[in-house]
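Reader: I am new to this structure and would like a close look at a single part of it. Could you choose one residue, explain where it sits, and then work outward from there to its surroundings?

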Amino acid sequence: MKRFIRHALLCGASAACLLGAPFSQAETGAPELESIGAAQYVENTMKFSEPGQYCFEQTTLRGAPDKTILDHHLLIPPEDHLKTGDVFVGFRRNSQPDALWLYNGSTWVAADDNQYPYSKAFIISSKLESVIPTSISYYAPIDVAEFAGDGEIWVGYGLRKDAEATEEDSFQDMISNRRYYRVWQIGGSVDRQSVICLPVTQMTVGTSSSDIIMPGEKQPQPPIPPKAYLAIVPVTPTTP
């Protein structure tokens, strides 16, 4: 991982097309999804009178190769809790180890594409909570059949040292400090599929969803499945 990311910026912009074909709806000819109406958002905070416990699967993988959903919880070490940083979701091919693509929640972008005007991070300049949900199929299942045995999904985070630091600085911090790991070798089982249990004193769960309509259709399709985020307040050790 260290080698291919370190050399990712040396690759040509044409590399983006290789990932864009199966991962991008526009490239596969599938119709673009357009939101109709306002998104619905609900947030619920639970405070526990005594320390509670929250358990979850760190990684969930479901669906057929051409309709895959992969969600992964990135765990932030205690020493970096609530520091400002960026979360990155990456894709590489064993057959092209020096090329890297990053997913910003809607688009896969070549890491060396200096002309791309928007963020390449999955989460941008945010206070890093202890548990951060990530995904490669944020809006709908994706087709990864072409990459079986060759493609890999990686997740990591970088820190912004000060208010002047950029997303690129955060990316380089992730690389320099090895704050990344492989989540899934496409076509195989996930690397990290254990159940994580955290002692907590407070937990906030937010969900959002919106109706969608396909171009040429007169009626809305079923709503996009709700997306959730977690904000967990871990138990703080007390001194006698």
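Author: Leaving aside its neighbours within four places in sequence, Thr134 is in contact (heavy atoms within 4.5 Å) with Leu70, Asp71, His72, Val87, Val89, Phe122 and Val155. Thr134 lies in strand 8, which runs over residues 131–135; strands (E, at least two residues) and helices (H or I, at least four) are DSSP runs, numbered from the N terminus. With a relative accessible area of 5%, Thr134 is buried, a word that stands for under 20% relative accessible area, whereas exposed stands for over 50% and partly exposed for what lies in between, with a 1.4 Å probe and protein chains only.

This is a predicted model, in which local features need pLDDT of at least 70 and side-chain atom pairs count only at pLDDT 80 or more, while totals for chains, interfaces and linings use all residues. Residues are numbered from 1 along each chain as its sequence is written, and side-chain values use heavy atoms, with hydrogens and water left out.

Two of the partners of Thr134, Asp71 and His72, are also found among the contacts of Gln58, which, apart from neighbours within four places in sequence, touches Asp71, His72, His73, Leu75, Tyr181, Arg192, Ser194 and Ile196. Gln58 belongs to the loop between strand 1 (34–57) and strand 2 (59–62), and its relative accessibility of 6% is why Gln58 counts as buried. From Gln58 to His73 the sequence separation is 15 residues, while the C-alpha atoms are 5.1 Å apart in space.

Past the end of strand 8, Tyr138 is placed in the loop that leads from strand 8 to strand 9. Tyr138 has a relative accessible area of 28% and is therefore partly exposed. Its C-alpha lies 9.7 Å from that of Asn104, a residue 34 places away in sequence.

Another partner of Thr134, Val87, can serve as a lead to strand 4, which covers residues 84–93. A salt bridge (a side-chain nitrogen of Lys or Arg within 4 Å of a carboxyl oxygen of Asp or Glu) joins the side chains of Asp86 and Arg160, at 2.7 Å from N to O. Asp86 is in strand 4 and Arg160 in the loop between strand 9 and helix 4, so this pair ties together parts that are 74 residues apart in sequence. Both partners, Asp86 and Arg160, are buried. The side chains of Glu152 and Arg92 meet in a salt bridge as well, again at 2.7 Å from N to O; since Glu152 lies in strand 9 and Arg92 in strand 4, the pair connects parts 60 residues apart in sequence. Glu152 is buried, at a relative accessible area of 5%, and Arg92, at 9%, counts as buried too.

Beyond strand 9 (151–159) comes a loop, and then helix 4 (167–176). In helix 4 the buried residues are Glu167, Ser170, Phe171, Asp173, Met174 and Ile175. Asp173 forms a salt bridge with Arg179, the closest N and O atoms being 2.9 Å apart, and both of these residues are buried. Through salt bridges that share partners, Asp80, Lys83, Lys161, Asp173 and Arg179 are joined into one network. After helix 4 comes Arg178, whose phi is positive, near 55°; Arg178 lies in the loop between helix 4 and strand 10 (180–185), and at 52% relative accessibility it counts as exposed.

The loop before helix 4 also holds Asp162, which counts as partly exposed because its relative accessibility is 47%. Asp162, Glu164, Glu168 and Asp169 form a negative surface patch. Patches are made of residues with over 30% relative accessible area and no salt bridge, like charges being joined within 9 Å and nonpolar side chains (Val, Leu, Ile, Met, Phe, Trp, Tyr) within 5 Å. Lys and Arg count as positive, Asp and Glu as negative, while His and the chain ends are not counted; each charge is placed at NZ of Lys, CZ of Arg, CG of Asp or CD of Glu.

As for the setting of all this, the protein has four helices and 12 strands, and 40% of its 240 residues count as buried. Among contacts between residues at least 6 apart in sequence, 74% join residues at least 24 apart.

Definitions and conventions
Accessible areas come from the Shrake-Rupley method with a 1.4 Å probe; for residues, only the protein chains shown count as cover.
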